[in-house]
Amino acid sequence: MGNYSLQKYKGMATRHTCPNCGDRRSFVYYVDENNVPLHPSVGRCNHESGCGYHYTPKEYFQDHPECCTTNHFSFDRQRVAQKYQQPSQPKTIGYIPQHYVEKSQSVNSNFFRFLSTLLTSYYGSKAKEVLKRLLEEYRLGATRDGSVIFWQIDKADKVRTGKVMQYNPEDGHRIKDGKTSAVNWIHSILKKQRVLADDWQLSQCLFGEHLLKLHPNKVVVLVESEKSAVIGSAIFPDYVWLATGGKSQMREEKLRVLTGRTVLLFPDADGYAEWKQRAESMTFCKAMVSDIIEKNATPKQKDAHIDIADWIIFQIREGKLMNTANHLVEAEKILQRMIGKNPALQKLIDDLGLVQVGTSSIGSGDGNPP
């Protein structure tokens, strides 16, 4: 019988992206005697309190009996890679009481201070109305030290967790204090306070997911960071702006809530190729990916891994927001049909260059427009 153990630490090359929380340097693979990983999903996250993901070889082979023989384990990597989606999620999803969201809602975060300055420069006196909408729609919270709380609230309006981050109020950049990932989680804090049970299970959802039911006919814009979703919504309010919470968080179980919707994806500068590939498998919705950063960002901007929020801020300050490239690169007929059904989509295409990467009606799988 094959033996698998957690990979020994030999530098950051032996630490990988966690499939659950998305941290790029926290995941440890289970490897065999030759140091070969069993599967990218099989391992343990080092953030035990904040994430707690741990998928063992035993659990993996239980989920994939085709990889196990009577005498020994055998792993058909190519076949399993094709079948693999994600390990089964916990049967019981943990929720956080709504009153924590209500109690935390506040304009007193450094992120909100930056947002106020930015939108005042763009909207003038109308900024107050926009800021009020953003505060209420995304239910933005604040901690005593000025960190922002980005609440993850699902389509059923149930609270999954809250992501706590500190921002510089002057430039809107994250403050990490030299840490690999300066992120805290409300569920982790409540566990330490013994408000939540030790066996409470985290199951993340898209940031802003609760807005889907409020706007069933709006086009969805999917970005990586919560900051991008809020700023995008501020400037382009005719769309439902959601965030995955990270480049690696485009997992099908989170994205299935977008079934039947038209979805525009705006990856960060270092995520275009990966998101384009993943978007092609999103056959349960109409998916397009923007290459505006890929084609128009400077080498310096790309090295800084800018995101769509950085790009919008740059365009506002340069006075060029309405003059960004217009890319109708692929499937022009499909795009025009979509524009015909939703004329407001043309504005976003004109402003933020979109590339169609594949559409299909639900369940058809033929790649043809409905």
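This report describes the sheet, one helix pair and the confidence of a predicted model.

The mean pLDDT of the protein is 79, and 75% of its residues reach 70 or more. Two stretches with pLDDT below 50 are set out in the table, together with the contacts that the model has for them beyond near neighbours in sequence.

| Stretch | pLDDT | Contacts in the model |
|---|---|---|
| Residues 323–336 | under 50 | 38 contacts beyond four places in sequence |
| Residues 358–370 | below 50 | 23 contacts beyond near neighbours in sequence |

Turning to the sheet, 4 strands form an open arrangement in the order β1-β2-β3-β4, and their pairing is antiparallel. Strands β1 (5–6) and β4 (54–55) stand at the edges, and because each has a single partner strand, one side of each is left without a neighbour in the sheet. Strand β3, which covers residues 43–45, is joined to β4 by 2 bridges, the two strands running antiparallel, and within this pair Gly43 stands opposite Tyr55 of β4.

Among the helices, α5 (residues 127–138) packs against α7 (residues 226–235) at an angle of about 135 degrees, with the two axes 10 Å apart; the two helices are therefore oblique to each other, and their crossing is right-handed. On the α5 side the contact is made by Val130, Arg133, Leu134, Glu137 and Tyr138, while α7 contributes Ala229, Val230, Ser233 and Ala234. By character, the residues of this contact between α5 and α7 divide into 6 nonpolar, 1 polar and 2 charged.

Notes. Residues numbered from 1 in each chain as written. Predicted model: local features only at pLDDT ≥ 70, side-chain atom pairs only at ≥ 80, totals over all residues. Heavy atoms only, no water. Pairing = 2+ DSSP bridges. Axes fitted to C-alpha atoms, helices over the stretch in contact; angles between N-to-C directions. Parallel < 35°, antiparallel > 145°, perpendicular 65-115°, else oblique. Left-handed = near helix turned anticlockwise from the far one by under 90°. Contact = heavy atoms within 4.5 Å. Nonpolar A, V, L, I, M, F, W, Y, C, P; charged D, E, K, R; others polar. pLDDT = per-residue confidence, 0-100.
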